[in-house]
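Work through the exercises below with the sequence and the model open. Try each task before reading its solution.

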Amino acid sequence: MNERQYEAMLKLGEAMEERWDYALKSGALADLLHDLLIASGSIPEGQTVQLSLGLTLLDQGSRGGAWLDLAERQITCDGRGNMTAGGNLIEAREFLVDGGVRRVPSGACPHCWQIWPVPFSQDEEHFSALRRCLFCGMEVGRNVRHLIRNNRCPNCVLGELSQGRPRCEICGLEANVSLVVWR
Ligand SMILES: [Zn+2]
Ligand SMILES: [Zn+2]
């Protein structure tokens, strides 16, 4: 997938979410949600049932195939009748790749678009295995850096990360300053 194709997928994802939200608000899903509530009424404590709608890219070129989530909406329900609506357009992430800005879905390599969960920190478990894209050899901290705009945390999008305080107070993400660049 290239950036133009990705933008088209994002539009599709947004349209999917708008329709889902409209269906929820208009009551078009009321019967289904009622049935979900009844069906999940007897499940054991600690378990939840999830009804979801998603847009996903299956990349069969990756080793063994890999799923890249692009957009999702879901309703979860526990056995006590608590229902929660959730889901988001999976945030795009921005990277600086050999000096140029690239925007790709979270989880994709910003150079070859294969699956690569680019790490933020060298402390992350398995960092040495994740440091490079297995497909094109791009390396975080060398050819690739996470791009952070307006100090917005790229993980939760709510908190802030600055060069002086690279730890997000909302989600706890601690970015290694050699792997990110601020714009
Ligand atoms: Zn790659
Ligand atoms: Zn955060």
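Four exercises follow, each with a worked solution.

This is a predicted model: local features need pLDDT of at least 70, side-chain atom pairs count only at pLDDT 80 or more, and totals for chains, interfaces and linings use all residues. Residues are numbered from 1 along each chain as its sequence is written, while chains are lettered from A and ligands numbered from 1 in the order in which they are written.

**Exercise 1. The chain as a whole**

Task: list the secondary structure elements of the protein chain in order, and state what share of its residues is buried.

Solution. Begin with the elements. Helices (H or I, at least four residues) and strands (E, at least two) are DSSP runs, numbered from the N terminus. The protein chain has 3 helices and 7 strands. Their order from the N terminus is α-α-β-β-β-β-β-α-β-β.

Next, burial. A residue is buried if 20 or more other C-beta atoms lie within 10 Å of its own, exposed if 12 or fewer, and partly exposed in between; C-beta atoms are placed from the backbone. By that count, 20% of the 183 residues are buried.

Finish with the extent. The C-alpha trace spans about 55 × 35 × 30 Å along its principal axes.

**Exercise 2. Two domains**

Task: give the bounds of the two domains and describe the side of domain 1 that touches domain 2.

Solution. Domain bounds come from an automatic or database domain assignment. Domain 1 covers 3–86 and domain 2 covers 91–183. Their centres, taken over C-alpha atoms, are 26 Å apart.

Now count contacts (C-beta atoms, placed from the backbone, within 7 Å). Here 8 residues of domain 1 meet 7 residues of domain 2. On the domain 1 side, helix H1 (3–26) and strand E2 (66–78) each supply at least two residues. E2 gives the most, with 3 residues.

Then classify. Ala, Val, Leu, Ile, Met, Phe, Trp, Tyr, Cys and Pro count as nonpolar, Asp, Glu, Lys and Arg as charged, and the others, Gly among them, as polar. The domain 1 side divides into 4 nonpolar, 2 polar and 2 charged residues.

**Exercise 3. The open sheet**

Task: in what order do the 4 strands of the open sheet lie, and which stand at the edges?

Solution. Strands pair if DSSP finds at least two bridges between them. The order is E5-E4-E6-E7, with mixed pairing. Strand E5 (100–105) and E7 each have a single partner strand, so one side of each lacks a neighbour in the sheet.

Take the pairs around E6. Strand E4 (residues 92–97) runs antiparallel to E6, joined by 3 bridges. Val97 has Val144 in E6 as its bridge partner. Strand E7 (residues 180–182) runs parallel to E6, also through 3 bridges. There, Ile148 stands opposite Trp182.

**Exercise 4. From E6 into the loop**

Task: is strand E6 largely enclosed or open, and is Arg149 buried or exposed?

Solution. E6 spans residues 144–148, and 4 of its 5 residues are buried, so the rest of the structure largely encloses E6. Arg149 lies in the loop between E6 and E7. Arg149 has 10 other C-beta atoms within 10 Å and is therefore exposed. Its C-alpha atom is 9.9 Å from that of Ser162, 13 residues away along the chain.

Key. Two residues are in contact if their C-beta atoms, placed from the backbone, lie within 7 Å.
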